[in-house]
Amino acid sequence: MTQLNAHYLKLQGSYLFSTIAKRVRAYKEAHPQANVISLGIGDVSQPLVPAVVDAMKQAALEMGQAETFHGYGPEQGYAFLRESIATHDYQARNIDIAADEIFVSDGAKSDVANFQELFAQVSVVALQDPVYPVYLDTNVMAGRTDVFANGRYGKIIYLPCTEQTNFAPQLPAGHADIIYLCSPNNPTGAALTKAQLQEWVDYARAHKSVILFDSAYEAYITDPTLPHSIYEIPGANEVAVEFRSFSKTAGFTGTRCAYTVVPKGLQVYDETGHPHALNALWLRRQTTKFNGVPYVIQRAAQAVYSPQGQAQIKAVIALYQQNAQLILRALTQAGLVAFGGQNAPYIWLKTPQGMASWDFFEQLLNQAQVVGTPGVGFGLCGEGFFRLTAFNTPTLTQEAAQRLTRLVI
Ligand code: PLP
């Protein structure tokens, strides 16, 4: 008899997006003429930029010639990409990160999901509520939680991100070993300030904890005072891992390329308190379990850093940022209170009169034929909130925004 990993049985079904799809389908069947627009999608609508496509074509041609063919590459990524990342995303901003601290991967989702493997099962996990579900579910799978009861898993430290805290997580009273922070945040759109991040770095140093910092949306920051990287905070190189992605920065959701930064000064401890460098352990993990990102894709990612690539991706990001502004303005006109959208592609609106997230979902679908994501789907603290995204096309976003202004609340 093969026994399964019983921790998988603790997982809650991920009904959120399937329930949304089911309800939208039912609505369309009942209203065949309705033109339903989704502001719920987390995927991008704009194609890859020309500089990236040209680099892919060129690399594909190289792959067809014996002299320039590439087979297995280095598991942690080609030097040309790791150096481009270190130079442009870090050193150009006076951040002390070198190419050998960067690990190229096929997505921030897999990295952020896999990284917890390096920590002991007894480690105490703290995460934001509402939360990007991958942080939570992968720790459930690894056995770091008790069963799910009353909307929460035992042993997890939930950090409520509410209107009262400006959607920022507050330091826990007790000890956490692994701390997941996502800034700019999915789903709330809130971005942490340098002072707020400094508190977390100080906490992690005092507690010998590790911060897993997900900055998949850093390219959407418009406020020049906000940090794009946790390594802008003094001391962070000793306590933080950073996850970044080309998905929302350059439309790589279907192309798949991301990277994780593990500074060489970051250490964790064995049972006797002896320190071990996480950089070497993550390299060991990746070389055992991962065989690298395709050469063609890494050349495509490198093209993001060319002058043309930078200009082109910035134009696309600006287009999504304009979508966010349209949505925010429409919500305000409708008399709704909304957050985010300034430094993130997510708008987090407060449902009118404390309406439940799912009731607002129905109201929005019925009145405006617009689809979004109920906040409660991201955690208990998301109840009474609703997420809209800026990733649809400008034309459809404009149409949806016009409908939002006419909402009767
Ligand atoms: N991190 C956050 C917070 C996200 O919202 C997402 C995607 O939606 C990811 C990571 C995954 O990014 P990738 O496409 O690189 O796997």
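Hi everyone, this is a short tour of two sheets, a ligand site and one threonine.

A word on the source: this is a predicted model, where local features need pLDDT of at least 70, side-chain atom pairs count only at pLDDT 80 or more, and totals for chains, interfaces and linings use all residues. Residues are numbered from 1 along each chain as its sequence is written, and side-chain values use heavy atoms, with hydrogens and water left out.

Let's start with the seven-stranded sheet. It is open, with mixed pairing, and its order is β2-β10-β9-β8-β7-β3-β6. Strands here are DSSP runs of E with at least two residues, helices are runs of H or I with at least four, and both are numbered from the N terminus. Two strands pair if DSSP finds at least two bridges between them. At the edges, β2 (102-105) and β6 (157-160) each pair on one side only. From one strand to the next, the twist averages 20°; axes are lines fitted to C-alpha atoms, for helices over the stretch in contact, and angles run from 0 to 180 degrees between N-to-C directions. Inside this sheet, β3 (125-129) and β7 (178-182) are parallel partners joined by two bridges, with Val125 opposite Ile178.

Now the ligand. Which residues come nearest? Of the 14 around the ligand, they are Asp214, Tyr217, Ser245, Ser247 and Arg256, where "around" takes a heavy atom within 4 Å. For polar contacts (N or O pairs within 3.5 Å; within protein, one atom must be able to donate a hydrogen and the other to accept it, and residues adjacent in sequence count only if both atoms are side-chain atoms), a polar side-chain atom of Arg256 sits 2.8 Å from a ligand oxygen. Asn186 also places a polar side-chain atom 2.8 Å from an oxygen of the ligand. The protein covers 90% of the 400 Å² of accessible area that the ligand has on its own, by Shrake-Rupley with a 1.4 Å probe.

On to the second sheet: four strands, open and antiparallel, ordered β13-β14-β17-β16. β13 (337-340) and β16 (373-374) each have a single partner strand, so one side of each lacks a neighbour in the sheet. Pro374 has Phe386 of β17 as its bridge partner.

Finally, Thr389, which lies in β17. Buried or exposed? Thr389 is buried, at 0% relative accessible area (buried is under 20%, exposed over 50%, partly exposed in between; 1.4 Å probe, protein chains only). A polar side-chain atom of Thr389 lies 2.6 Å from the backbone oxygen of Ile41. Thanks for listening!
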